[in-house]
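Hello,

Here is the structure I promised to pass on to you. Please have a look at it first, and then read my notes below.

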Amino acid sequence: MSRTDNVLHLSEEEKAMLAGETGPGVAKAMEIVVALGQIYGATELTSVTSVQVSGVSYKNLGDAGLAFLEEWAAQGAIVRVPTTLNPAGMDLSGWRELGFSEAFARRQQAVIAAYGALGITLTCTCTPYLVGNVPKLGQHIAWAESSAVSYANSVLGARTNREGGPSALAAAIVGRIASYGLHLEENRQATIVIDVRCPIRSEADLGALGYMVGRMVANRVPYLRFHDARPGYDALKTLGAAMAASGAVALYHVEGVTPEARAGNMIRHGAEVIAVDSLLPGYEALDGDMDQIDIVSLGCPHASLEELRTVGEAIDGRRVKAALWITTARGTRDAAEAEGLLARIEATGGRIVADTCMVVAPMAEFAYRTMATNSAKMAFYTPSHSGLAVRFGPLEQCLEAAVTGIWPSRRAG
Ligand code: F3S
């Protein structure tokens, strides 16, 4: 029997939801969850403990997306599990001061209000796991946002497919998702081993590596073996985001580091092995060639408090010439403010920007044309999503560019 011949069995409660007995908004959500289950050959739905919804920036949603959300909320739909949001198109408090337009802000606020009406916690970040939405090992969740999916599956050991905005929202409303793909034990083993033989010296090196691995493995599950590095949590956040951007990697394992790799053999018999001896192809693909830098973007995925401290120490007492935006979750920003870090960073002329990032913000409203970043994911998406030319390199290089307005000539890798 092929997978699509499978029959999706629903409980009495799920059938009632589908039949509209708990309202049209719930029925619509159940229709989406059931349709996906049928497409992917699931035989049952599974309860989820947490949801992360993408599709929050008005820049991406537009009026049609906003109307869709408002209509769903008007049908009485409300989330039944803890649910957080992806970054919005602007800092929800500091937008005016940062230079976002009134027109954009009004529409963005309407989007946030619609999500609020659906009962969602209005935390707008791609790192919900740093600010309270922290799934546990083995828990089934329904997350959108590829970097967060990668982190939740790989570093936390939770179980989610790469959901889209509507399917994640539907899962939040019914509290269930179809059980297929990475929800099933048998699909979580690696089918390709990446033997990392070159040294890893910075977060940008990990990003370049992640970019290359993503291109090589597409949507397979890679198992990474490092010879001279033991990546910490922030490093894994960077690595996973890059693999999820250039490929569609939703789960990876790192030998001796990630929980499932530590617990048992996660390499499928007969898995292909590929060696990586140089990161140069990654840097060549992501790094541009202009010197003038208008804006430096750090915090992709959204910066942890530890990363903000590192930036604060490195730039303390200096003054930036280019714009410097360090994007983070509002909870992390508030923690930075409480310990005096925000004031220290802002004394340099840099900004800690909450709730958004330069890929989902309407950067065409600003005069910036060139960007420097230490994030491979940001470097990968910015040219196509925000129309800026990008230089890509480690934090020290980015901060030097922020201070001088010029990209320092040495090339990493
Ligand atoms: Fe997050 Fe934006 Fe990067 S959503 S992962 S900061 S592109």
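**What I found**

The protein exposes about 15900 Å², and carbon and sulfur atoms supply 51% of that area. Please keep in mind that this is a predicted model.

Let me start with the whole chain. The secondary structure comes to 16 helices and 15 strands. Along the principal axes, the C-alpha atoms fill a box of roughly 65 × 55 × 35 Å. A compact globule with 413 residues would have a radius of gyration near 22 Å, and the protein, with 21 Å, agrees with that. Of the 413 residues, 60% count as buried. Now look at the contacts between residues with a separation of 6 or more: 78% of them join residues 24 or more positions apart. As for charges, the protein has 35 positive and 43 negative ones, and the mean positions of the two groups are 1 Å apart.

Next, find helix 9, which covers residues 233-246. From the first C-alpha to the last, this helix of 14 residues reaches 20 Å, close to the 20 Å expected at 1.5 Å a residue. Is helix 9 mostly covered or mostly open? Helix 9 is mostly covered, as twelve of its 14 residues are buried. Among them are Leu236, Lys237, Leu239 and Met243. A general point may help you here: an α-helix has 3.6 residues a turn, so residues three or four places apart point the same way.

Lys237 leads us to Thr127, because these two residues are in contact, and Thr127 is itself buried, with a relative accessible area of 0%. You will find Thr127 in the loop between helix 5 (102-117) and strand 4 (142-144). Beyond its neighbours within four places in sequence, Thr127 also meets Pro301, His302 and Ala329.

His302 then takes us to another threonine, Thr327, which touches His302 too. Thr327 lies in strand 12 (residues 323-328). Why does Thr327 count as buried? Its relative accessible area is 1%, and buried means under 20%. Not counting residues up to four places away in sequence, the residues that Thr327 touches include Leu298, Gly299, Ala303, Val353, Thr356, Cys357 and Met358. You can also check a distance on your screen: the C-alpha atoms of Thr327 and Val360 are separated by 12 Å, and the two residues are 33 residues apart along the chain.

Enjoy exploring, and write back with any questions!

Best wishes

Key:
Residues numbered from 1 in each chain as written. Predicted model: local features only at pLDDT ≥ 70, side-chain atom pairs only at ≥ 80, totals over all residues. Heavy atoms only, no water. Helix = DSSP H or I, 4+ residues; strand = E, 2+ residues; numbered from the N terminus. Buried < 20%, exposed > 50% of the residue type's maximum accessible area, 1.4 Å probe, protein only. Contact = heavy atoms within 4.5 Å. Expected span 1.5 Å × (residues − 1). Rg over C-alpha atoms; globule rule 2.2 N^0.38 Å. Areas by Shrake-Rupley, 256 points an atom, 1.4 Å probe, with all protein chains shown as cover. Lys, Arg positive; Asp, Glu negative; His and termini not counted. Charge placed at Lys NZ, Arg CZ, Asp CG, Glu CD.
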